[in-house]
Amino acid sequence: PELDRIPHPPRRVPLLGDVLDADPRSPVQDSMRIGRQLGPIFRRKAFDREIVFVWGADLAAELADESRFAKHVGLGVANLRPLAGDGLFTAYNHEPNWQLAHDILAPGFSRAAMEGYHPLMLDVARQLTAHWDERSGAGHEVDVPGDMTKLTLETIARTGFGHDFGSFERSRPHPFVTAMVGALSYAQQRNAAPPLLAALQQRGAAKRNAADRAYLNDTVDEVVEARRSGDGTGARGDLLDRMLETAHPETGERLSPENIRRQVVTFLVAGHETTSGALSFALHYLSRNPDVLARAQAEVEQVWGETEEPAYEQVARLRYVRRVLDESLRLWPTAPAFSREALHDTTLGGVHPMRTGAWALVLIMLLHRDPAAWGQDAERFDPDRFEPKAVRARPPHVFKPFGTGARACIGRQFALHEATLVLGLLVRRYDITADPDYELSVTERLTLMPRNLRLRLTRRTPARTAQPAARD
Ligand code: FDE
């Protein structure tokens, strides 16, 4: 009865639900298509389970109200519990390890910490440009998502954990990445199968998943063991040192070894997969919008001058490059949904009753394309939407690529600094052209990633006349 006023797809099959429109490989894009037909709140049923989706700007803003709603650990996030347990991303709100780890790790994402990571981020970015220099020029193409994944995995592993996966020395993805993609895809597909069928038919998939999980855990254990046995513990002050060495500032409590394992795998996965996608989509749009690319190049030349070694502050000053990134995350938020549950009995939008614990999934991609918030041309790529004046003119809570509230992304500044730095270096160094035959298609594995995106690069000589702008 609570759901009566919420529309659902018309072709419902007894017992199975709304399976006619459902492809387990593209749940988000299917929901987007269905949501456009059904409106700002709708429901889909898979077997015995009914899920409420929300994307209207007003309703999403209500769900962002922390006095009425909180993060819900459900669907894909819940399916990652066997791997990530009570790590930050997958912890239930009531689990004490969430607050403990949050308080211990938050300083690892402060401005001061970020300044410390900056030189390491530059090192990794240089490995990428060395790799791409060899593949620039006529007749060559680069594998954008593959190489962005190398870059972001190395970045989080080296800055956070002092570990080098050697991604750029390999021709194939590191097995850590293969196991991670397997684990994420498995977590996504489990939503689409009826519980009983899943148990019976998916034994092969479950077995592979157990192997992937074991590989991920073994890798993590090696990284931790290397630090514990080395003499470097405590010396770096990175995320791993914080996990191993730091006691909670008030209670003096520490993270347990089991919880550290959960946090390391959480950060290695959450810290690179979504950023890799964000960079890939941004490069796709730059290749399709020469005027935007030219503006970005002009800005980098103006702010950085001739230096190949931008300082920490010179990254934050790339305002236009950052808008390109924001606009890419608007159209393709690489973590495409989050769930919110009612803290007490309440009514959503004045008409939809929700009992304590009832939850809904916010479809970020449609929220980011709601014409009521973004205008009639919401589907168009236009970084100027993120000019300060335009941002102020919009209602709050309509741009949520990093989630919302207490459980929003702890890695936001990290990802933004890394991605802005890398985009700055890339547009400064290369002209980027699209393959005219490429049509954007998007792979889903809980996260979003452009499928088979390849681009052509031409080395450029930045204009030598530009002077670095005076510092703010
Ligand atoms: C988180 C996050 C989120 C939320 C989810 C929910 O709500 O469920 C989101 C939406 C996100 N995240 C997104 C993103 C995007 C990008 C690019 C990123 N992200 C990045 C990153 C990096 C790093 C290191 C990270 N990231 C991390 C993280 C974590 C740990 C988490 C959890 C938090 C809590 O506390 O809960 C997140 N992330 Fe992110």
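Helices are DSSP runs of at least four residues, numbered from the N terminus. The structure treated in these exercises is a predicted model.

**Exercise 1. Determine which helices supply at least two residues each to the shell around the ligand, and describe that shell.**

Step 1. Three helices satisfy the condition: H12 (257-270), H13 (273-288) and H20 (412-429).

Step 2. Among the 25 residues around the ligand, those that come nearest are Gly271, Phe338, Gly403, Cys409 and Gly411.

Step 3. By class, the shell consists of 15 nonpolar, 8 polar and 2 charged residues.

**Exercise 2. Establish the strand order of the open sheet of 3 strands, and identify the strands at its edges.**

Step 1. Strands of a sheet pair through backbone hydrogen bonds, either parallel or antiparallel.

Step 2. Here the order is E4-E12-E9, and the pairing is antiparallel.

Step 3. Strand E4 (142-143) and strand E9 (430-434) each have a single partner strand, so they stand at the edges, and one side of each lacks a neighbour in the sheet.

Step 4. E4 pairs with strand E12 (residues 454-459) over 2 bridges. Val142 has Leu455 of E12 as its bridge partner.

**Exercise 3. Classify the packing of helix H8 (residues 175-189) against helix H10 (residues 203-229).**

Step 1. The axes lie 9 Å apart, at an angle of about 135°.

Step 2. Angles over 145 degrees count as roughly antiparallel, and 65 to 115 as roughly perpendicular. H8 and H10 are therefore oblique to each other.

Step 3. The crossing of H8 past H10 is left-handed.

Step 4. The contact includes Phe176, Met180 and Tyr186 of H8, together with Arg208, Asp212 and Leu216 of H10. Its residues divide into 9 nonpolar, 3 polar and 3 charged.

Key
Residues numbered from 1 in each chain as written. Predicted model: local features only at pLDDT ≥ 70, side-chain atom pairs only at ≥ 80, totals over all residues. Near = placed C-beta within 6 Å. Nonpolar A, V, L, I, M, F, W, Y, C, P; charged D, E, K, R; others polar. Pairing = 2+ DSSP bridges. Axes fitted to C-alpha atoms, helices over the stretch in contact; angles between N-to-C directions. Parallel < 35°, antiparallel > 145°, perpendicular 65-115°, else oblique. Left-handed = near helix turned anticlockwise from the far one by under 90°. Contact = placed C-beta atoms within 7 Å.
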